[in-house]
Amino acid sequence: MSDDREAILGRVRSALAPLTERAALPAYDTEIAVLRQLLANRDPLAVFADRLRGVNGTALTDIPALVKQLREGKWLHGYCDPALWPRLAPHFGPEFEVETVYDRTRVDDYAFGITRAAGGIAELGTVILKDRSTSHRLAALTPWVHVAVFSRAELFVDLPQAIAALGDDPNIIWCTGPSKTADVEGILIEGVHGPGVQIALVLD
Amino acid sequence: MKFQQIDQFAAELRADTRAAVYDGSKKGHEKRTKLLFDEYPDPNRLRVLAGQVKQHVIENLDTYLPAVEAKLKANGVIVHWAATADAANETVLKIMRARGATKMVKAKTMVSEETELAHFLEKHGMEALETDLGEFIVQIDHDHPSHIVKPIIHKNRREIATSFEKNGLGAYNDDPQTITRRARQFLRHKYLEADVGLTGGNFISAESGRLVLVTNEGNSRFCLAATKCHIAMVGIEKIVPRDRDLALLLNLLARSGTAQDLTVYTEFISGPKSATQPDGPEEMHVILVDNGRTEVLASDCRDILRCIRCGACLNVCPVYRQASGHAYRSVYPGPVGAVLSPLLMGDRFKEKADLPKASSLCGACQEVCPVNIPIPDLLLRLRDKGKQEGLSSPGTPPMGAWALLASQPLAWKASLIGGRLMNYLPTKLVPVPALRAWEAKRTLPPWRGGEFRKWLHNRPPKT
Ligand code: SF4
């Protein structure tokens, strides 16, 4: 409503008119918010794995370990981004049923979803999904297990670095561990609407 | 009325509700403090800085708002302005009607609580389903949230299990895991059927027009993965100058609110989905909502507009812990609410003018606030405003006698002697109603008047 626009801006201007001075934007280094001690002298990938474990997620660095974990969890039916599948397929046995086309009418069929991530943040154990490289938003969200695949070179050390690299993708989501709630009596429950298991597969 | 309204509510609160609120908020506060001080050598520096950033924004909204609008438009977002709650709701309805949509899934947004959007849409034949677990439970119970981050802090699992059973979500089962799984199963199909996803916005960057949304459950992401149209209702004060300021604010928001380093899902949205992405909104609307904020901006309490809705001040507040959120009769309870809620009433300030009085001014709220809002000062200003407007204070003890004593040294000394007598008198006999009301809930410590003067006279000289 264009009248509302004028009304609001008019009221904002008159509210601010009596101020003789306006608060300045402080100059600061975003370094102030970085957990530098945690990162100092350590391999970012090791920090990433620790931090992801801290929020009940898992970081893996090889495909057989992923297959083992899926098998142990009895998560045998899932979705995989077709661009990733050729590299992963040789490691998956015949007990698995993996689809490379995601069908939103069968959300409950997929126990796992393997999608491409744009990177990670070591400081927080976060995986970064960007719209242009994610094959399906839903495939990374609806299955019980989400596996985010990215390469070691795509790992950012800290949060300000990852902010600086947001770029021009229209939608970026940072996922830090499995979906969770503490709404019922403050008790932590994982897998509310999104995955109950979050895995990052970091490949060379 | 025997007590002030908040006290009256607290006095009648069920014991298990009080216990739930008390434990939930206390635990939240303790975890927050431990995390911040374990991780940062001086977390206060961050709070002060973040406060300065947000103060700068609100004092320059006249330039930031058009700047944000321009960025949003350049990103392909349709921008709307809503001066009032009604205008905001009407805008949503119009967008839905234009699309022929009848079903909306909603993420948690405090602005939509202000405007009572879900009720409004339902009245107009739309389905508007809350998807945050707590908000969903509030909705099926026809209740109100009692905390801005933990909406059902006042409920226990038995109450939730009962309302799930009543609403056809399975036989009674009060295991929190079962409750959560049932909600998961029910809601995922609702997202997929809906045409519109409605969210709020935690921040909008003026530099890039990025809207930032944080959730833990993943419900706002589901809204934005399943539906074709995204509507974001955002208060005009939610702007940050640059993307880099998000580094500071995101770090503080999760740590202060829920004692997490970062919320599970932090989403940066700068428009409809990308062309190659099969899921998600093809159309995105941002509604910039005033609904009383410009009046707050014009007042001497404008600092409250820095608020990033973390809930830390609720968790730490001794009054909130005892009274629970519903005692504040407002969308925003606790210390932030005691300032914001009366102000958002505009001309009807009077109806909530009692809220700023329900505080001991202990200052804990400012100490924990991630944007360092001087809440105690603002409470005092609002008390003064009430006084200037000649509003009465029902249930507040008369302070005239106190004022007299405190300004007359001789009268004060005489009262000290009188006070000592109190140790020998049953307080039930004291003819001051306010004192008796106070005593009904607490035990008076023995009178030790005069000790301070003694100490002051006898203290060793400074070396
Ligand atoms: S006033 Fe401060 S502490 Fe309270 S909710 Fe707002 S940001 Fe958090």
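Start by selecting T294(B) and showing its surroundings: leaving out residues up to four places away in sequence, T294(B) touches I8(A), R11(A), V12(A) and A15(A), along with I236(B). Keep both chains visible here, since the list of partners includes residues of chain A and one of chain B. Bear in mind as you go that you are looking at a predicted model.

Now colour by secondary structure. T294(B) belongs to helix α13 of chain B, which covers residues 293-298. Is T294(B) buried or exposed? T294(B) counts as buried because its relative accessible area is 3%, and the cut-off for buried is under 20%.

Next, move to strand β10 of chain B and select residues 283-289. Two stops are worth making on this strand.

The first stop is E283(B), which is found in strand β10. With a relative accessible area of 23%, E283(B) is partly exposed. Draw a distance from its C-alpha atom to that of C229(B): you should read 4.9 Å, although the two residues are 54 apart in sequence. C229(B) is also among the contacts of E283(B), together with K228(B) and H230(B). Add I78(B), I95(B), R99(B) and P272(B) to your selection, and you have the contacts of E283(B) beyond four places in sequence.

The second stop is I287(B), also in strand β10. Here the relative accessible area is 0%, so I287(B) is buried. Which residues does I287(B) touch, not counting those up to four places away in sequence? One set to select is I231(B), A232(B), M233(B) and V234(B); the others are H80(B), A82(B), A88(B), T91(B) and V92(B). Try another C-alpha distance, this time from I287(B) to I231(B): the separation is 7.4 Å, with their positions 56 residues apart along the chain.

Zoom out and colour chain B by domain. The domain assignment gives domain 1 as 6-293 and domain 2 as 411-458. Place a centroid on the C-alpha atoms of each, and the two centres turn out to lie 49 Å apart.

For the last stop, select the ligand and display the residues around it. How many residues surround the ligand? There are 13, and the closest are C307(B), C310(B), G311(B), C313(B) and C369(B). Colouring this shell by residue type shows 11 nonpolar residues, 1 polar and 1 charged. Cysteine is counted as nonpolar and glycine as polar in that division. If you run a cavity search, look for the ligand in the second largest cavity.

Definitions and conventions: Residues numbered from 1 in each chain as written. Chains lettered and ligands numbered in written order. Predicted model: local features only at pLDDT ≥ 70, side-chain atom pairs only at ≥ 80, totals over all residues. Heavy atoms only, no water. Helix = DSSP H or I, 4+ residues; strand = E, 2+ residues; numbered from the N terminus. Buried < 20%, exposed > 50% of the residue type's maximum accessible area, 1.4 Å probe, protein only. Contact = heavy atoms within 4.5 Å. Domains from an automatic or database assignment. Near = heavy atom within 4 Å. 1 Å grid on protein atoms, 1.4 Å probe; cavity = no way out; pocket = protein on both sides within 12 Å on 5 of 7 lines; lining within 4 Å. Sits in = over half its atoms within 2 Å of the grid points.
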